[in-house]
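Grab a viewer and a pencil, and work through the exercises below. Try each task before you read its solution.

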Amino acid sequence: MALHIGSTAPDFEQDSTHGKLKFHEWLGDSWGILFSHPKDFTPVCTTELGLVAKLKPEFDKRNAKVAALSVDSVESHNGWIKDIEETQSTKLNYPIFADEDRTISNLYDMIHPEANDTLTVRSVFFIDPKRKIRAIITYPASTGRNFDELLRVIDSLQLTDNHLVATPGNWKDGEDVVIVPSLQDPEELKQRFPKGFTVVRNYLRTTPQPNR
Ligand code: BEZ
């Protein structure tokens with residue numbers, strides 16, 4: 001069955017560069033970012049996995065665990081990690097799943113046969129601590145992802161969960177946000193947004209970012 005926003009993230013057990021991992025158990029009470037790449041020893045993937053290693057402290061700050069995957073073996077991943085570390089000047093500090101039998105790729109629909117029969121596309125699944133899929137993005141093999149965008153999406157999801165606000169187009173951390181339309185009670189609005197808010201239209205109300 002196709003996975004959507006709101007679906008429960010499928011659990012699985014699979015080999016990785018950090019040993020055999022049970023996905024839900026490994027996630028614990030963290031957020032999870034599960035991202036696939038097409039193939040080891042390829043140029044775009046090398047830059048992507050290096051970037052994620054450098055951004056790991058930012059994912060940690062957000063209580064988010066990251067894991068990569070492709071259909072290559074652990075031996076292949078381990079050989080490639082040396083290249084990533086050398087060429088991208090970083091230490092690979094998160095697991096890469098070795099999905100040789102396609103357990104994960106099939107569960108998460110990461111192989112798109114019209115693009116390629118055997119290789120995973122560049123998928124990203126954002127999973128919350130209740131194991132719900134909260135966002136999904138998919139890029140083709142030829143387009144490296146913007147990993148700052150992943151952090152921006154987590155920030156937005158966490159702001160919605162914690163403060164009942166949504167983030168406008170092109171929003172950046174620190175900029176004004178919008179109050180979710182379902183929130184109408186004047187007393188609750190006053191309590192939740194002590195910095196005040198601006199009514200641009202009755203459905204468009206902006207407020208300073210609450211956690212700043
Ligand atoms: C790359 O990572 O550079 C790549 C991988 C598969 C197909 C095309 C590009």
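Five exercises on this model follow, each with a worked solution.

A word on the ground rules first. This is a predicted model, in which local features need pLDDT of at least 70, side-chain atom pairs count only at pLDDT 80 or more, and totals for chains, interfaces and linings use all residues. Residues are numbered from 1 along each chain as its sequence is written, and side-chain values use heavy atoms, with hydrogens and water left out.

**Exercise 1. The whole chain**

Task: work out how many helices and strands the protein chain has, and what percentage of its residues count as buried.

Solution. Start with the secondary structure: the protein chain has 6 helices and 11 strands. Helices (H or I, at least four residues) and strands (E, at least two) are DSSP runs, numbered from the N terminus. Next, burial: of the 212 residues, 46% count as buried. Buried means under 20% relative accessible area, exposed over 50%, and partly exposed in between, with a 1.4 Å probe and protein chains only. Then put a box around the C-alpha atoms along the principal axes, and you get roughly 60 × 40 × 35 Å. Finally, look at contacts (heavy atoms within 4.5 Å). Among those between residues at least 6 apart in sequence, 66% join residues at least 24 apart.

**Exercise 2. The ligand's surroundings**

Task: find which residues lie around the ligand, and which of their atoms sit at polar-contact distance from its oxygen atoms.

Solution. Step one is the shell: Pro 38, Thr 42, Pro 43, Val 44, Cys 45, Arg 122 and Ala 141. A residue makes this list if one of its heavy atoms lies within 4 Å of the ligand. Helix H2 (residues 43–61) supplies the largest share, 3 residues. Sorted by class, you have 5 nonpolar, 1 polar and 1 charged. Here Ala, Val, Leu, Ile, Met, Phe, Trp, Tyr, Cys and Pro count as nonpolar, Asp, Glu, Lys and Arg as charged, and the others, Gly among them, as polar.

Step two is the polar contacts. These are pairs of N or O atoms within 3.5 Å; within protein, one must be able to donate a hydrogen and the other to accept it, and residues adjacent in sequence count only if both atoms are side-chain atoms. A polar backbone atom of Cys 45 is 2.9 Å from a ligand oxygen, and one of Pro 43 is 3.3 Å from a ligand oxygen. In the side chain of Arg 122, an N or O atom is 3.1 Å from an oxygen of the ligand. Taken alone, the ligand exposes 260 Å², and the protein buries 74% of that. Accessible areas come from the Shrake-Rupley method with a 1.4 Å probe; for residues, only the protein chains shown count as cover.

**Exercise 3. Arg 122**

Task: is Arg 122 buried or exposed, and what does its side chain touch within the protein?

Solution. Place it first: Arg 122 lies in strand E6 (residues 122–127). Its relative accessibility is 2%, so Arg 122 counts as buried. Now follow the side chain of Arg 122: it makes a polar contact with the side chain of Glu 48 at 2.9 Å, and it reaches the backbone oxygen of Ala 141 at 2.6 Å.

**Exercise 4. Tyr 94**

Task: locate Tyr 94 and find the backbone oxygen close to a polar atom of its side chain.

Solution. Tyr 94 lies in the loop between helix H3 (74–88) and strand E5 (96–98). With 1% relative accessibility, Tyr 94 counts as buried. Leaving aside neighbours within four places in sequence, its contacts include Phe 35, Leu 49, Val 52 and Val 66. The backbone oxygen you want belongs to Leu 49, 2.7 Å from a polar atom of the Tyr 94 side chain.

**Exercise 5. An open sheet**

Task: give the strand order of the 4-stranded open sheet, then say which way the side chains of E11 point.

Solution. The order is E8-E9-E11-E10, with antiparallel pairing. Strands E8 (165–166) and E10 (198–201) stand at the edges with a single partner strand each, so one side of each is left without a neighbour in the sheet. Two strands pair if DSSP finds at least two bridges between them. E10 and E11 (residues 204–207) have 3 bridges, and E9 (residues 177–179) and E11 have 2. E10 and E11 also form a hairpin, with 2 residues between them. For the register, Arg 201 stands opposite Leu 204, Val 199 opposite Arg 205, and Val 177 opposite Thr 207. Last, the faces: Arg 205 and Thr 207 point to one face and are buried, while Leu 204 and Thr 206 point to the other and are not.
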